[in-house]
Amino acid sequence: MERIVTIAVLIALAAVPLLASVFDAPFYLDLFGRVMIYAIAAISLNLIMGYGGMVSFGHAAFLGLGGYAVGILAKEGIDSGFVQWPLAIGSCALFALLTGLVVLRTSGAYFIMITLAFAQMLFFLFTSLAEYGGDDGLTIWTRSDFAGLIDLNDGASFYYLIFALLLACLGISARLIDSRFGMVLRGAKANERRMQAIGFPTFRYKLAAYTISGAMCGLAGALLANQAEFVGPSVLHWSRSGEILVMVVLGGMGGVAGPVLGAATYLLLSYFLADLTKHWAIIMGPLLILVVLFARGGLLGLLSGRRAKTDAP
Amino acid sequence: MSDILLRAEGITKRYGGILACDNVGIELRAGETHAVIGPNGAGKTTLLAQLAGEIAPDSGRIHLGARDVTDLRAPERAALGLGRSFQITSVFREFTTRQNVALAVQAHDGHSFRFWRKARTDAALIEPARAMLDRLGLGDRAGVPAALLSHGEQRQLELAMALATKPRVLLLDEPMAGMGAADSERMTQLLSALKSEAALLLVEHDMDAVFALADRITVMTYGRVIATGTPAEIRANQVVRDAYLGADEAA
Ligand SMILES: Nc1ncnc2c1ncn2[C@@H]1O[C@H](COP(=O)(O)OP(=O)(O)OP(=O)(O)O)[C@@H](O)[C@H]1O
Ligand SMILES: [Mg+2]
């Protein structure tokens with residue numbers, strides 16, 4: 001069932017450019033492109049949160065860092081995506097690796113607070129970088145250039161690139177969680193003490209997962225900056241971290257596709273509700289609470305008819 | 001002396017006002033089953049946790065074979081051949097019985113930075129896991145999520161996981177905890193069959209099992225070792241009878 005839900009969602013996403021051109025509504029390319037970018041960010045968070053039990057409240061840091069890597073390089077006249085994107089992903093991996101050495105020594109509420117603290121550090125860092133826009137952010141005048149391989153200025157091409165990257169991220173995380181590495185991650189979530197007793201040095205595996213997650217979210221950041229043609233401190237505001245967290249919880253942490261559902265539901269709902277009323281959060285809030293209370297597997301669990309998992313005590 | 005596989009000296013651990021372990025010394029010889037008994041709160045689990053490397057003693061040294069392992073953590077000690085089972089069943093409830101054991105096999109099959117191949121169909125993990133489950137009589141429960149096993153089966157799985165790491169020294173924290181008479185009897189047989197494979201340090205309240213299995217017995221009360229000796233010596237020891245055995249048999 002879970003597979004059917006996933007495939008249905010992906011087919012719908014694949015059909016968006018077609019429908020957008022039939023109905024002459026190119027705006028939907030933008031909206032659903034953003035949905036997929038946030039889906040990648042949510043997938044990256046789900047990797048450590050859903051499977052590793054690491055609740056990061058600072059994932060927007062990677063979104064912002066990836067975006068700023070693109071923005072700053074563009075401002076310095078380096079437009080090549082072949083330079084920008086690896087640097088965006090690499091700097092996020094490095095940031096995750098270094099901060100991971102600290103945050104992974106904590107757990108529970110402390111983990112949440114320290115990931116938040118590191119994200120806030122980046123937030124204030126970029127706010128104070130007057131040269132790169134400071135408070136106002138940085139406009140990106142030219143999208144990443146891929147030497148004629150693909151043109152990001154073409155709406156449909158860009159859309160399908162995001163789509164392909166989403167598929168890749170889904171595939172990678174699906175393989176990852178079923179691999180030996182994934183088993184260690186899941187085991188450490190369920191009972192870290194037991195994992196150590198049978199001989200796993202869990203810390204290094206969690207650090208690797210955290211780094212992979214940061215890198216993947218950095219990719220989402222590079223995409224987002226290109227799509228918005230802008231990057232600013234708001235991208236790594238703590239509320240953005242909260243939104244990614246909400247997408248993961250809403251979609252369901254039990255399967256790799258949950259975050260896609262969560263990102264789509266959250267962004268589309270807030271978009272259409274915002275059309276209806278200014279106070280859309282009044283509807284979104286209770287909805288989230290209902291999902292958390294009555295569908296512990298999130299929307300994915302609800303749609304695929306999976307019962308709430310029995311968690312280890 | 002060279003046949004001593006595990007030796008702890010002067011182990012002391014204080015929790016606030018409580019001396020959970022007070023200058024504890026214990027030795028485990030090759031081929032031996034060494035039982036640790038004592039009333040609730042005597043410090044048996046705390047001792048095991050320090051031997052396993054989960055908590056650091058305030059003072060004292062621990063040797064595994066010739067090596068001082070006091071500063072090594074649990075995974076490193078496990079890699080050196082130290083296995084343990086837990087008093088409170090701690091199997092991975094979401095995983096199947098087979099996956100639980102396969103994970104223990106994986107822990108000793110090189111590093112786990114392997115990101116692509118499916119662990120679930122990895123013969124290098126599945127085959128040893130299957131063999132271990134067959135041996136413990138859990139073969140027909142291999143595909144069942146561990147959460148759905150009976151209490152007795154979960155205790156067996158707990159042991160299967162510890163055994164799958166191929167330990168030279170196995171620390172068992174109340175393997176019979178919460179078991180009925182029949183299950184206890186089965187577990188006793190299982191453990192006695194293990195003797196040739198690993199030296200056992202057995203913490204247990206079930207005195208039938210202890211006297212059936214142990215070559216030597218150490219008695220703890222209030223964090224201290226009050227006696228160590230053969231089962232016959234322990235049975236005859238007046239201090240032990242006063243402090244523990246008498247009370248236990250009366251209960
Ligand atoms: N983490 C801890 N913090 C504070 N006190 C602790 C802690 N762990 C154990 N203790 C205390 O240390 C003492 C020894 O506990 P321990 O669990 O080792 O006893 P035990 O011999 O295993 O008992 P049982 O037979 O009930 O399992 C007890 O008084 C216990 O309350
Ligand atoms: Mg105990």
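A polar contact here is a pair of N or O atoms within 3.5 Å; within protein, one of the two must be able to donate a hydrogen and the other to accept it, and residues adjacent in sequence count only if both atoms are side-chain atoms. This is a predicted model, in which local features need pLDDT of at least 70, side-chain atom pairs count only at pLDDT 80 or more, and totals for chains, interfaces and linings use all residues. Residues are numbered from 1 along each chain as its sequence is written, chains are lettered from A and ligands numbered from 1 in the order in which they are written, and side-chain values use heavy atoms, with hydrogens and water left out.

Let us start with S56(A), where that definition is put to use. The side chain of S56(A) reaches the backbone nitrogen of G58(A) at 3.2 Å, and a polar contact of 3.2 Å also joins the side chains of S56(A) and H59(A). S56(A) sits in the loop between α2 (27-49) and α3 (60-75) of chain A; helices (H or I, at least four residues) and strands (E, at least two) are DSSP runs, numbered from the N terminus. Is S56(A) buried or exposed? With 0% relative accessibility, S56(A) counts as buried, a word that stands for under 20% relative accessible area, while exposed stands for over 50% and partly exposed for what lies in between (1.4 Å probe, protein chains only). Leaving aside neighbours within four places in sequence, S56(A) is in contact with L45(A), I48(A), F111(A), T115(A) and L245(A), where contact means heavy atoms within 4.5 Å.

T115(A) leads us on to helix α4 of chain A, where V102(A) has its place. V102(A) and T115(A) are 13 residues apart along the chain, and their C-alpha atoms are separated by 9.3 Å. V102(A) has a relative accessible area of 41%, so this residue is partly exposed. Q84(A) lies in the helix α4 too, which covers residues 81-103 of chain A. Here the relative accessible area is 0%, so Q84(A) is buried. Which residues is Q84(A) in contact with, once its neighbours within four places in sequence are left aside? They are V70(A), L73(A), A74(A), I78(A), D79(A) and S144(A). From C-alpha to C-alpha, Q84(A) and G67(A) are 9.6 Å apart in space, with their positions 17 residues apart in sequence.

Further along chain A, A147(A) is found in the loop between β1 (138-139) and α6 (155-178). Its phi is near 50°, a positive value in a residue other than glycine, and at 63% relative accessibility A147(A) counts as exposed. Chain B offers a companion case: E174(B) has a positive phi of about 50° although it is not a glycine. E174(B) is placed in the loop between β7 (169-173) and α6 (181-193) of chain B, and its relative accessible area of 8% makes it buried.

Back in chain A, S239(A) belongs to helix α9 (residues 238-251). The side chains of S239(A) and H237(A) are joined by a polar contact of 2.8 Å. S239(A) is partly exposed, at 32% relative accessibility.

Now for the ligands. Of the 13 residues around ligand 1, N40(B), K44(B), T45(B), T46(B) and Q87(B) come nearest; a residue is near a molecule or strand if one of its heavy atoms lies within 4 Å of it. A polar side-chain atom of T45(B) lies 2.7 Å from an oxygen atom of ligand 1, one of Q87(B) lies 2.8 Å from an oxygen atom of the ligand, and a backbone N or O atom of A42(B) lies 3.1 Å from one. α1(B) gives the most to the shell, with 3 residues.

Which residues coordinate the magnesium ion (ligand 2)? They are T45(B), through OG1, and Q87(B), through OE1, at 1.9 to 2.2 Å. T45(B) lies in helix α1 of chain B and Q87(B) in the loop between β6 (82-85) and α3 (97-106) of chain B, so the pair ties together parts that are 42 residues apart in sequence. Donors are N, O and S atoms within 2.8 Å of the metal (3.2 Å for Na, K and Ca), and water is not among the atoms, so sites may look incomplete. T45(B) counts as partly exposed at 32% relative accessibility, and Q87(B) is partly exposed with a relative accessible area of 31%.
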